[in-house]
Amino acid sequence: MIKKICCIGAGYVGGPTMAVIAYHCPEIDIHIVDSNNERIDLWNSDNLDNIPVKEPGLSKIISKVRGKNLFFSNEVDKYIDLCEMIFIAVNTPTKTSGEGKGMAADLKNIINCAKQVSLASKSDKIIVEKSTLPVRTAEKIKEILENNKREKINFEIISNPEFLAEGTAIQDLFKSDRVLIGADQTESGKIAQNKLIDIYKKWIPEEKIIKTNVWSSELSKLASNAMLAQRISSINSLSALAEKSGAKIDELSMAIGKDHRIGNKFLNASIGFGGSCFQKDILNLVYISRQYGLDEVADYWHNVVKINEFQKDRFSQIIIRNIETSSNQTVSVLGWAFKKDTNDSRESSSIAVTSNLILKGLTVNVYDPLIKINQIYHDITAYLEFKNINQKNITRLLKKLSVKDNLNDCIIETDAIAFLTEWDKFLNIKWDKFSKNQHIKNKPKIFDGRGIIDYEYVSSLGYQIYQIGNGDNSIN
Ligand code: UDX
Ligand code: UDX
């Protein structure tokens, strides 16, 4: 039985996953290490409001296990050496330079970790790939470990991809649909696989723990994310058609989802998917398919990302078309997180939409309940830099952006309100009172990118509304 686990990477995956293992396995000591000292300090903060990952239920679990059998540290080498099982949960973003730029996963962090593990280890280790990785990455990790290791040390690499979704991470970890553990089908591979199974068995029913080979496990993660994203692009493509043809996308989703072969999940039309995984993983799948000479397969999956871009752009253009861009009008952007209940804005559609608006000369107010002002400026700046806009122009464009720290200030005097994240508190806007507010000269136009507005009621108060996928829209 494993007694000591080290997890490299105290991020959105490493933090919650290890907290839940610690909670269910009090007999195992778990050390989460990270090269980012500031992040570790936040995880160790006495005030649980400061922990760097905001997930419903996470701080409660941290309060139960931190300091008992869950520890956060920046002493990476020390805990690699001390522990028998090492999880790798570092980030694997899309490459921004070199071969595969803009498509392939950047394995720099993984390679660094593999080197660090091989150099710091004085005894056998089981390495668990938690990060989402291209198929056959375990082979590369193995090569690095073998090339740098001390004599007679055995490294066994298993793949155990994470399927948690942000905002529901704790719930997903407690009641996983499945736990996938891929290992070499050798004797030592199977022993390592069983050691990890023994850990998950503490709270996951055995029939939900799936054993595969390493490559199936690695590819299943990419494929799962690609298929989830594909559903969103499918429904988003249909939202454009619904608007033109007079159909309603929510009625379509309901009708389609009633077919139990299709199922009703992941059929919400939106301004496009965001988050650190979907786009990155699909582009990676596209890249890998091309490397194997499967151009048709690559093209098929690439279209999922292209429709996502189309949807973000389409939404931006609808706002721009309907707001007088020449007379310094203001658009209030509600929501910066890529979905509700998370403080993560990676790849959030709000970034692209807001950039499109300020590039057209509009003034934009932003409000998000969890994302900090610095992060919003950082996201926009990085996006504009990626679009090759020079610093002088970025500084000028940022003057068009104003981040508000409460909902009311964001929407009080504005020409348009755009709903980009489906935060629950946006459902509580009192439209009847708001419409009577004396400060409001003209009723702002409403652009609902999440289908969260009660269209009939709010339009009965005199608002003009564009709602994604709604064939009845009064704005289009
Ligand atoms: C995870 C996965 O691991 C990624 O592959 C998946 O596709 C998305 O989820 P995530 O936990 O969201 O990544 O990343 P992040 O929150 O950025 O955390 C990664 C952590 O690893 C950071 O705190 C970073 O400082 C740390 N890190 C990175 C190291 O400790 N060492 C490194 O060499 C690189
Ligand atoms: C995803 C996968 O769901 C998870 O299994 C994997 O481990 C990591 O990637 P995450 O990115 O955290 O999780 O969130 P998810 O709930 O999948 O949402 C991703 C994006 O799709 C969000 O921007 C969300 O708003 C959008 N979405 C989701 C839609 O636009 N419509 C839907 O019906 C569902």
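**View 1. The shell around ligand 2, sorted by residue class.** Counted by class, the shell around ligand 2 in this predicted model consists of eleven nonpolar, five polar and three charged residues. Of the 19 residues that surround ligand 2, those that come nearest are A165, N268, S270, F273 and G275. Helix α9, which spans residues 214–245, gives the most to this shell, its share being three residues. Because domain 1 (4–212) and domain 2 (278–467) both supply residues to the shell, ligand 2 lies between them.

**View 2. The two domains and the contact that joins them.** The protein chain is divided into domain 1, covering 4–212, and domain 2, covering 278–467, and the C-alpha centres of these domains lie 33 Å apart. Domain 1 gives 14 residues to the contact, and domain 2 likewise gives 14 residues. On the side of domain 1 that touches domain 2, the residues divide by class into eight nonpolar, four polar and two charged.

**View 3. The crossing of helices α13 and α14.** Helix α13 (residues 349–359) and helix α14 (residues 373–386) have axes that come within 10 Å and cross at roughly 70°; angles of 65 to 115 degrees count as roughly perpendicular, and α13 and α14 are therefore roughly perpendicular to each other. The crossing of α13 and α14 is right-handed. From α13, the contact is made by I351, A352, T354 and S355, while α14 contributes D379, I380, Y383 and L384. Taken by class, this contact of α13 with α14 holds five nonpolar, two polar and one charged residues.

Methods: Residues numbered from 1 in each chain as written. Chains lettered and ligands numbered in written order. Predicted model: local features only at pLDDT ≥ 70, side-chain atom pairs only at ≥ 80, totals over all residues. Domains from an automatic or database assignment. Contact = placed C-beta atoms within 7 Å. Nonpolar A, V, L, I, M, F, W, Y, C, P; charged D, E, K, R; others polar. Near = placed C-beta within 6 Å. Helix = DSSP H or I, 4+ residues; strand = E, 2+ residues; numbered from the N terminus. Axes fitted to C-alpha atoms, helices over the stretch in contact; angles between N-to-C directions. Parallel < 35°, antiparallel > 145°, perpendicular 65-115°, else oblique. Left-handed = near helix turned anticlockwise from the far one by under 90°.
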